[in-house]
There are 2 protein chains.
Amino acid sequence: MTLAMSIETNQLQQLKPLSVPNRLLLGPGPCNAHPTVLQAMSTTPLGHLDPAFLQIMDEIQSLLRYAWQTDNPHTIAVSGTGSAAMEATIANSVEPGDVMLIGVAGYFGNRLVDMAGRYGADVRTISKPWGQNFSIEELRAAMAEHRPKILGLVHAETSTGCRQPIDGVGELCREYDCLLLLDTVTSLGGVPIHLDKWGVDLAYSCSQKGLGCAPGASPFTMSPRAMAKLLARKTKVPNWYLDMLLLGKYWGAERMYHHTAPINLYYGLREALRLVSEEGIDNSWARHQANVEYLWSSLESIGLKMHVEKQYRLPTLTTVCIPDGVDGKAVAKQLLTEHNIEVGGGLGELAGKVWRVGLMGYNSRKESVDRLIAALTQVI
Amino acid sequence: MTLAMSIETNQLQQLKPLSVPNRLLLGPGPCNAHPTVLQAMSTTPLGHLDPAFLQIMDEIQSLLRYAWQTDNPHTIAVSGTGSAAMEATIANSVEPGDVMLIGVAGYFGNRLVDMAGRYGADVRTISKPWGQNFSIEELRAAMAEHRPKILGLVHAETSTGCRQPIDGVGELCREYDCLLLLDTVTSLGGVPIHLDKWGVDLAYSCSQKGLGCAPGASPFTMSPRAMAKLLARKTKVPNWYLDMLLLGKYWGAERMYHHTAPINLYYGLREALRLVSEEGIDNSWARHQANVEYLWSSLESIGLKMHVEKQYRLPTLTTVCIPDGVDGKAVAKQLLTEHNIEVGGGLGELAGKVWRVGLMGYNSRKESVDRLIAALTQVI
């Protein structure tokens, strides 16, 4: 035994059992998880190599492929939040010196730039004001100029509420022998996605938005083209935790131990995906679209305007212009403290200019809109 | 809207609601989480910048410091499992070319070697057979030979059940102007630790062992000495998700958004730490020691032997020698399928030679031992 040492208690706190306010989460995420998901998360853990748990992993893989509309064998949940899955796409595709072209029209495009730089990419960017997107002609011109090995786009920019059309981009990437990497954090489950038909090679998402789960286990997929680039690497992936060659041996037939999975989050994700599959992914998309159109008309009826052009607005996340003379931060604070409703503020170019209102997963319901409008009417 | 495309259903599965067997997890982890923890995890999420959630983060920080016996301001939970926290210590301390000396006497020493190499360290190792540890004289000789900037040791080797004494190591590291990095994955909460008195500069752990939480949110701490090295880096930390300069701005006074925390896991971790603080960390250590001694005597009473010399055995994890002629894998399988009890198998040098039996956190109870012994008696 070690020598007996005295116990320091200066950091000790006397706490009561956990008690948290019950918020309606209508910000950019997390949203409220489905009650079935929350219940599943309180199930006692299994071991990470228990056959009963391995079956749950298989189910997650299959249902993730369905939700994303892909047959990629390497489709898994990363044991971290969406940003970890984002970093996983970079870590497993970029080799030092690779040219990576990134479309930046918001906060998360910039995050891709930061991450890609850390992995040694020769990063090139094309930019648009926050709230706009890139046309196929603009993308074609940039591809011709930069000849990247990877093109990174954000399908649903969480900071702006704008959708990036993907039609034709996959063909363009093949023409230039380039991988297509797509951020679907705020689209999976709520916005139509057809990864394989679009020719997407790397995609990531999160659990706590369109899928209606709690945050912490994050969808990741890579195509055989992306896997071929990974297998041809000359050096190890410079990130052990997110190394898909190691993770593939755990999620695949070998079942080789890599790390202890966040068991209870996988329970929740399995249930969230089961609920999506029961609803039907196309029905889930349609529900998000119907409820957001109700939101837009309701907001307009109380005199508010949307930041993004209607045809490119996301069904999952809406940027609402803060009217002149209104203190946006004060309104958000009042919604939170007096009405238990969370909405998000603007980031970057949109700081102070918009609120971000999410209707995602379980929260994409008419009642969410009605409750928000009633509260806003009182507060503004 | 995107062009309408048909929905592929080949990956769709018709699943029933989640139903998992109720196992007694007596392997190397995860263990069964405390019922209070599981209940907390099913609480509806808060936003990651909600003042009510920020308070929970503060409580986690303070109680983690208490559990580890440190006053390090930078003490947080990483949003991933223990391996992510492990990688965080490497990513934030190693700069390319730094000599890192690692003590390898088991699987997790080797994992440190793998990770440190990926971050460009000039890795040197000292080795011992699995189940043994390093004397202070051996460490001193290796420090004199390699003059490392970082010394990495595993306090509680989960693959062997052996404890590495730390007395005197902190002083040795200061003598050589070297940081001390310590794996406390299988010790935090169950084995006496005094990080500050020992002079440890970087440490990591997990939630699902001695703390009795579910896996997925992992303790990380760094001393002011380690922070000084980080602040003096010439290049960005080559890992965005685990960059402690960014994470420090979220956990610290700035509250700057970094990533969406795994909210429900933090609920669980807060409750697990609260329960440890109510019991008293020294009482938790004593409970683990008393129950493991009961395990050892019970195992001996049915003719089984332990792999590690008694004075260095961990109170949290015991390696039990598989008797000659007994099929260890078959026994473990029978325990799982017929008795709903999980024990672990051996790794590396100990593959096929030992079972690994954990008594950690909530599972460190006399009843766990009684149930295991009763089952083992039937199975062997």
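How far is the sulfur of Cys173(A) from the closest cysteine sulfur? Select Cys173(A) and Cys178(A): the two sulfurs are 4.2 Å apart, too far for a bond. A disulfide here is a pair of cysteine sulfur atoms within 2.5 Å, and the count over all chains is zero. Cys173(A) is buried, at 0% relative accessibility; buried means under 20% relative accessible area, with a 1.4 Å probe and protein chains only.

This is a predicted model, in which local features need pLDDT of at least 70 and side-chain atom pairs pLDDT 80 or more, while totals for chains, interfaces and linings use all residues. Residues are numbered from 1 along each chain, chains are lettered from A, and side-chain values use heavy atoms, without hydrogens and water.

Next, select Cys206(A). The nearest cysteine sulfur belongs to Cys31(A), 8.3 Å away, and Cys206(A) is in no disulfide. Cys206(A) is also buried, with a relative accessible area of 2%.

Now show both chains. Chain B and chain A each bring 101 residues to the contact (heavy atoms within 4.5 Å). Between them they bury about 8400 Å², 60% of it on carbon and sulfur atoms; this is accessible area (1.4 Å probe) lost on being put together, summed over both. On chain B, select Leu18(B), Arg118(B) and Trp240(B), which lose the most area to chain A, together 10% of what that side buries.

Finish with the charged pairs. Eight salt bridges cross the interface, a salt bridge being a side-chain nitrogen of Lys or Arg within 4 Å of a carboxyl oxygen of Asp or Glu. One to select is Glu8(A) with Lys197(B), whose closest N and O atoms are 3.0 Å apart.

Methods: Buried area is the accessible area (1.4 Å probe) that two parts lose on being put together, summed over both. Buried means under 20% relative accessible area, exposed over 50%, partly exposed in between (1.4 Å probe, protein chains only).
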